[in-house]
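Colleague: Before we discuss particular residues, could you place the structure in front of us and fix the terms we shall use?

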Amino acid sequence: MIDDPSDPGSEAFSRMPSRRLVLRAGAAAMAAPFGLGMGASQAWAPGPGAPFDPGPLCRPAAAEASSGPLRPVKLAWNATAICTAAAPLAKEQGIFAKHGLDVEFVNFGGATEALLEAIATGKADAGIGMALRWLKPLEQGFDVKITAGLHGGCLRLLADRSSGITDIASLKGKTIAISDQASPAKNFFSLQLAKVGIDPDSGVAWRQYPADLLNLAVQKGEAQALADGDPRTWIWLKDPRFTEIATNLSGEYADRTCCVVAVRGSLLRNDRAVAASLTRAILEGGHAVHGNPEAAAKAFAGYGGKGSIEDLATMLRSQQHGDSPVGGRLKQQLALYGDELKLVNVLKRSTDTATFAERIYADVLS
């Protein structure tokens, strides 16, 4: 029987942290020639139960005790997306209050452009979302800046076991069910198709369905695979008719962030300290998710998240909530995503991705 790395009880799962440390070391070596030093540019939680260490960029400000009344802040998020679990946990555990913030959640489950417009126009002060969903609108000029990566993982491509699909290459000529034509899952797995020589526009068919019905589209034979995010994909994977083909932690992406924190430009210009406190608090919330996924699952469920506490906690363990890149390391990852999105015609071919990464990132922690 193959040892399943997504099973918390498996030997493979227990080896995963050390494997990721090796990957991070390789990324550090690659970043060094470009001046993207890693030591002062990441927030890393070394393991469950360890005290929160925000890293050199955050530590001086994080050590300061907050005083005075709490500052009201509106945070946009998607209450049905498990990848945002750091936010409800930070609220439930008083992490926001510890950083001097009274955070009100603004739930956005629809178009990302609407969420980003809400941030840019001041209807929300900041938001949590997926880089692959946000980069195109940011290229178009929204007054929003990314301040931190939050974690890796949460996108999955599942296939019908009887379809003959065993890897990305065997998707050629098949139909993939998606929730919308600009979804992060479609963007990410389009990249994987392109890397194995399959044109993601003509080599497969992308068919759109309501998000909660993607599994039924496959079961009815209208599609042979589906691409979406947790918690739905994790729950569907429990159905023996499905098999997991790839995730956004597969291969070279094992050390890449997928979800990011972003704040409105006017907040950065007018009250940078609040932007820093909010970013720091969310990073600490991410550390808390890493350290106690059961508590995070309960907090997420309390805001309407679907799934049992056991399933949600296992889901969170399968993701990378202990690794939250900032600084040079995050800019490098944003530039890499930019290069890849140009290959599949999501970003303009003329975009200079290094300059783009500098433009959309704001260092609020140093």
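Modeller: Buried means a relative accessible area under 20%, exposed means over 50%, and partly exposed lies in between. Please bear in mind that this is a predicted model.

Colleague: With that cut-off, is Arg156 buried or exposed?

Modeller: The limit for burial is under 20% relative accessible area. Arg156 has a relative accessible area of 5%, so this residue counts as buried.

Colleague: With which residue does Arg156 form a salt bridge?

Modeller: The closest N and O atoms of the pair are 2.9 Å apart. Arg156 lies in strand β6 and its partner in strand β10, so the salt bridge ties together parts that are 88 residues apart in sequence. The partner is partly exposed, at 31% relative accessibility. That residue is Glu244.

Colleague: In what order do the strands of the sheet that holds β6 stand?

Modeller: Five strands form an open sheet with mixed pairing. β8 (205–208) and β10 (242–247) are at its edges with a single partner strand each, so one side of each has no neighbour in the sheet. Neighbouring strands are turned by 30 degrees against each other on average, direction ignored. The order is β8-β7-β9-β6-β10.

Colleague: Which residue of β10 is the bridge partner of Leu157?

Modeller: β6 pairs with β9 in the antiparallel sense over 5 bridges, and in β9 the bridge partner of Leu157 is Ala227. β6 and β10 also pair in the antiparallel sense, over 5 bridges. In β10, the bridge partner of Leu157 is Ala246.

Colleague: In what sense do β7 and β8 pair?

Modeller: Strand β7 covers residues 175–178 and is joined to β8 over 4 bridges. Within this pairing, Ile176 has Trp206 of β8 as its bridge partner. The sense of the β7 and β8 pairing is parallel.

Colleague: What angle does the direction of α7 make with that of β6?

Modeller: α7 packs on the sheet and touches β6 (155–160), β7, β8, β9 (225–229) and β10. β6 is itself mostly covered, with 5 of its 6 residues buried. The direction of α7 makes an angle with that of β6 of about 70 degrees.

Colleague: How many of the 12 residues of α7 are buried?

Modeller: The buried residues of α7 include Phe188, Phe189 and Leu191, and Lys186 and Asn187 are also among them. The helix is largely enclosed by the rest of the structure, because the number of its buried residues is 10 of the 12.

Colleague: How far apart are the end C-alpha atoms of α7?

Modeller: The helix comprises residues 184–195, and at 1.5 Å a residue its 12 residues should span 16 Å. The model agrees with this expectation, its end C-alpha atoms being apart by 17 Å.

Colleague: Is Ala86 buried or exposed, and how many residues in sequence separate Ala86 from His287?

Modeller: Ala86 belongs to helix α3 (residues 86–92) and is buried, at a relative accessible area of 0%. Leaving aside neighbours within four places in sequence, Ala86 is in contact with Leu150, Ile282, Gly285, Gly286 and Val289. The C-alpha atoms of Ala86 and His287 are 8.0 Å apart in space, whereas the separation in sequence is 201 residues.

Colleague: Which residue in β3 stands opposite Pro72?

Modeller: Strand β2 (residues 71–77) and strand β3 (residues 101–107) run parallel and are joined by 7 bridges. β2 also pairs in the parallel sense with strand β4 (residues 126–130), over 2 bridges. Opposite Pro72 in β3 stands Asp102.

Colleague: Is Asp323, the salt-bridge partner of Arg329, buried or exposed?

Modeller: The side chains of Arg329 and Asp323 meet at 2.8 Å, N to O. Arg329 has a relative accessible area of 1% and is buried. At 4% relative accessibility, Asp323 likewise counts as buried.

Colleague: What percentage of the residues of the protein chain count as buried?

Modeller: The secondary structure of the chain comes to 15 helices and 12 strands. The chain exposes about 14,900 Å², of which carbon and sulfur atoms supply 54%. Of its 366 residues, the share that counts as buried is 56%.

How values were computed
Residues are numbered from 1 along each chain as its sequence is written. This is a predicted model: local features need pLDDT of at least 70, side-chain atom pairs count only at pLDDT 80 or more; totals for chains, interfaces and linings use all residues. Side-chain values use heavy atoms; hydrogens and water are left out. The expected span of a helix is 1.5 Å times one less than its number of residues. Buried means under 20% relative accessible area, exposed over 50%, partly exposed in between (1.4 Å probe, protein chains only). Two strands pair if DSSP finds at least two bridges between them. Axes are lines fitted to C-alpha atoms, for helices over the stretch in contact, and angles run from 0 to 180 degrees between N-to-C directions. Contact means heavy atoms within 4.5 Å. Accessible areas come from the Shrake-Rupley method with a 1.4 Å probe; for residues, only the protein chains shown count as cover. A salt bridge is a side-chain nitrogen of Lys or Arg within 4 Å of a carboxyl oxygen of Asp or Glu.
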